[in-house]
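Subject: Structure handover and notes

Hi,

Here is the structure I promised to pass on to you. Have a look at it first, and then read my notes below.

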Amino acid sequence: MKLLTKTLFLCLAICLTNGAPTHHEHAAEGHGGHHAALPDRCSGLEFDAIVPDETGKMFFFKGDYVWGGFGGEVHLANETFKELDDIHGLGHIDAAFRMHNTENPDEHDRMILLLDDKVFSYYNHTLEDGYPKEIQEVFAGVPTHLDAAVECPKEQCKSDSVLFFKGHDVHVYDITTKTVKTKTWSHLPVCTSAIHWLMQHYCFHGHNFTRFNPVTGEVAGDGYPKDARNYFMTCQSFGHGGGYKIPKCSETKIDAITADDTGKTYLFAGPIYMRLDTKRDGLHAFHITRAWKEVTHGVDAVFSYTDKIYLIKDDKVYIYKGDGQYTLIEGYPKTLKEELGIEGHVDAAFVCPSEHTVHIIQGHTMHDVDLTATPRVVTEDHALALHDIDAGLCGPEGINVFKGSEYYHYENAKALADTTVSPLSKPITSAMMGCRD
Ligand SMILES: *[C@@H]1O[C@H](CO)[C@@H](O)[C@H](O)[C@H]1NC(C)=O
Ligand SMILES: *[C@@H]1O[C@H](CO)[C@@H](O)[C@H](O)[C@H]1NC(C)=O
Ligand SMILES: *[C@@H]1O[C@H](CO)[C@@H](O)[C@H](O)[C@H]1NC(C)=O
C-alpha cells in the first residue's frame with residue numbers, strides 16, 4: 001500500500017490538468033541532441049517502449065527521452081536509468097516489460113529494459129546486481145534487437161510468460177519452463193511497444209494502439225486502432241476533456257463507493273469513477289459514462305448485490321449486470337419508490353458481503369431494505385448518530401462511512417445503528433482512495 005502513496009497519477013480519458021505540453025517537437029532521434037528542442041509526446045510519437053514500474057507508474061521511452069506517468073514532463077532517460085549510458089555504442093531502448101513471476105519474488109515486478117542484445121533489470125529504479133546481462137543468458141532462444149515486449153500472467157497465458165515481438169513474429173517465453181514458442185501474427189500491426197494494463201494487452205504502433213488477445217493475437221473489434229494521445233497521456237485537445245484533477249486527501253469528497261463479490265471496488269466523485277482494486281496499474285479516473293453509459297449526471301449512492309450494481313441518482317435507480325463490462329437491465333432506470341420502496345435524496349447505500357439487506361442512508365436515518373422480497377420494502381428504520389454522510393462501504397472488516405475527507409469505522413450495521421455517539425473519525429488516506437497526500 002505504501003508504494004502507492006507516491007504514485008498517483010492519472011488517467012485514461014480524462015487527465016490531469018498539470019501535464020499540459022509546453023515543448024516543441026524534436027524531429028531528430030538518437031544521441032547528440034544537446035541543443036535540440038525536447039520532444040513533445042502530444043505531437044504523436046511512436047514510442048520505443050512503454051513499461052510500468054513496480055508501483056504502477058508508466059514510463060514511455062523514445063530515443064534518449066522518457067516520460068514518467070500519463071502527465072509527467074519529458075526527461076533524459078539516463079537521468080533515471082543511469083546505467084543505460086554506461087555501455088557505449090548501445091542505442092536507445094528497443095523494448096521493455098514488467099516481469100510477472102509469481103513463483104519467484106526476487107524476479108517479480110522488475111522493470112526489464114532490452115537494448116540490442118542486453119537485458120537491464122531495474123527495481124526501485126535501481127539496476128539490479130549482475131546486470132546488464134545478455135538476452136541469451138536470461139531469455140535463451142529469444143532474438144536480439146527486439147521491437148517490443150510485454151508480460152503475460154498465467155491467468156491469461158496459462159503460465160507466467162513474456163511475449164517478445166520482432167516484426168510479425170512473437171516469441172512466447174514461458175518463465176517456468178524457460179522454453180520459447182514462436183508464432184507469426186501477420187494481422188497485428190508491427191508493435192514498437194506493448195503493455196499489459198488493467199488486465200488487457202495493447203500493441204502500440206505509430207501514435208496508435210490496438211488491443212489484442214495475448215494467446216491468439218486476435219485484435220479487438222471495437223474501434224481499434226485508437227490514438228494513444230486520447231488514452232495514455234495528458235494532451236490538450238485530446239482525450240474526452242473533463243480536466244478532472246485528483247484532489248488532495250484533505251479535500252476529498254466522494255459521492256459513492258462499492259465493492260462487488262469479486263473484489264472490484266469503485267469510487268465515484270462528480271463525473272468520474274476510479275477502480276481502487278487495480279493499484280498495480282496505478283489509479284485512473286474515468287467518466288462514469290464510460291462504464292455506465294446511461295448515468296450521465298453523477299451518482300448519489302451505489303451498491304453491489306449478487307452480480308449486479310445499483311446506481312442511484314435523484315429518484316432513479318439504474319441496475320447494471322456484468323463483470324467489468326456493464327449492461328443496463330431492461331426496464332431501468334426505475335424510481336426509488338418502485339425499486340426500493342423509499343423516496344427522497346439518498347446519501348449512501350451498502351450491502352454487507354453475503355447479506356441480502358441493503359442499508360440506505362438518508363439524512364439521520366438508515367433504512368434496511370430486504371432485497372429478497374418482491375416488491376422490496378423497508379423492514380426497519382434506524383436513527384443514526386451521524387448524518388449527512390457521503391458514502392458507505394461494507395466489507396469483511398466492517399463498515400466505513402465516509403463524510404468529506406474523514407471516515408468512521410463500525411464493526412457492522414448493528415453497531416452503526418446502535419451507536420449513540422459517533423466514534424472518532426479518521427482521515428481518508430491516499431492508500432484508501434487514491435487522493436494526493
Ligand atoms: C545522457 O544522455 C544525453 C543524451 O544522449 C547525453 O548528452 C548525456 O551526456 C548523458 N548523461 C550522462 C550522465 O551520461
Ligand atoms: C529505493 O531507492 C531509494 C533511493 O534511490 C532509497 O532511498 C529507498 O530506500 C529505496 N527503497 C527500497 C524499498 O529499497
Ligand atoms: C491511426 O489510426 C487511424 C484510425 O483510427 C488511422 O486512420 C491512422 O492512419 C493511423 N495512424 C497511424 C500512424 O497508424
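What follows is a short account of what was found, starting with the conventions.

This is a predicted model, where local features need pLDDT of at least 70 and side-chain atom pairs count only at pLDDT 80 or more, while totals for chains, interfaces and linings use all residues. Residues are numbered from 1 along each chain as its sequence is written, chains are lettered from A and ligands numbered from 1 in the order in which they are written, and side-chain values use heavy atoms, with hydrogens and water left out.

**The chain as a whole**

The protein chain has seven helices and 34 strands (DSSP runs numbered from the N terminus: H or I of at least four residues for helices, E of at least two for strands). Of its 437 residues, 50% are buried (under 20% relative accessible area with a 1.4 Å probe, protein chains only; over 50% is exposed, and partly exposed lies in between). The exposed surface of the protein chain is about 19300 Å², with 51% supplied by carbon and sulfur atoms (Shrake-Rupley method, 1.4 Å probe). Among contacts between residues at least 6 apart in sequence, 46% join residues at least 24 apart (a contact means heavy atoms within 4.5 Å).

**Aromatic rings**

The whole structure holds 33 aromatic pairs (rings of Phe, Tyr and Trp, the last by its six-membered ring, with centres within 6.5 Å; planes under 30 degrees apart are stacked, over 60 edge-to-face, the rest tilted). One of them is the tilted pair of Phe47 and Phe60, at 5.4 Å centre to centre and 55° between the planes. Phe47 is in the segment before strand E1 (49–52) and Phe60 is in strand E2 (residues 58–62), so this pair ties together parts 13 residues apart in sequence. Both rings belong to buried residues: Phe47 has a relative accessible area of 4%, and Phe60 has 0%.

Phe139 and Tyr173 have ring centres 5.3 Å apart and planes at 85°, so they form an edge-to-face pair. This pair links distant parts of the chain, 34 residues apart: Phe139 is in the loop between helix H2 (135–138) and strand E10 (148–152), and Tyr173 is in strand E12 (residues 169–174). Phe139 is buried at 2% relative accessible area, and Tyr173 is buried at 4%.

Ring pairs also build a cluster, whose members include Phe47, Phe60, Trp67, Trp197 and Tyr224. Tyr224 has the charged end of Lys226 over its ring, 4.4 Å from the centre (NZ of Lys or CZ of Arg within 6 Å of the ring centre and within 35 degrees of the ring normal). Elsewhere, Arg110 lies over the face of Tyr123, 3.9 Å from the ring centre.

**Strand E19 and its partners**

Why is strand E19 (residues 265–269) described as largely enclosed by the rest of the structure? Five of its five residues are buried, so the description follows. On one side these are Thr265, Leu267 and Ala269, and on the other Tyr266 and Phe268.

E19 pairs with strand E18 (residues 256–259) in the antiparallel sense over four bridges (pairing takes at least two DSSP bridges), and Tyr266 is the bridge partner of Thr258. E18 and E19 form a hairpin with five residues between them, and Gly263 in the turn has a positive phi of about 95°.

Strand E20 (residues 272–275) is also antiparallel to E19 and joined to it by four bridges; here Phe268 stands opposite Tyr273. The E19 and E20 hairpin has two residues between its strands, with Gly270 in the turn at a positive phi of about 55°.

Best wishes
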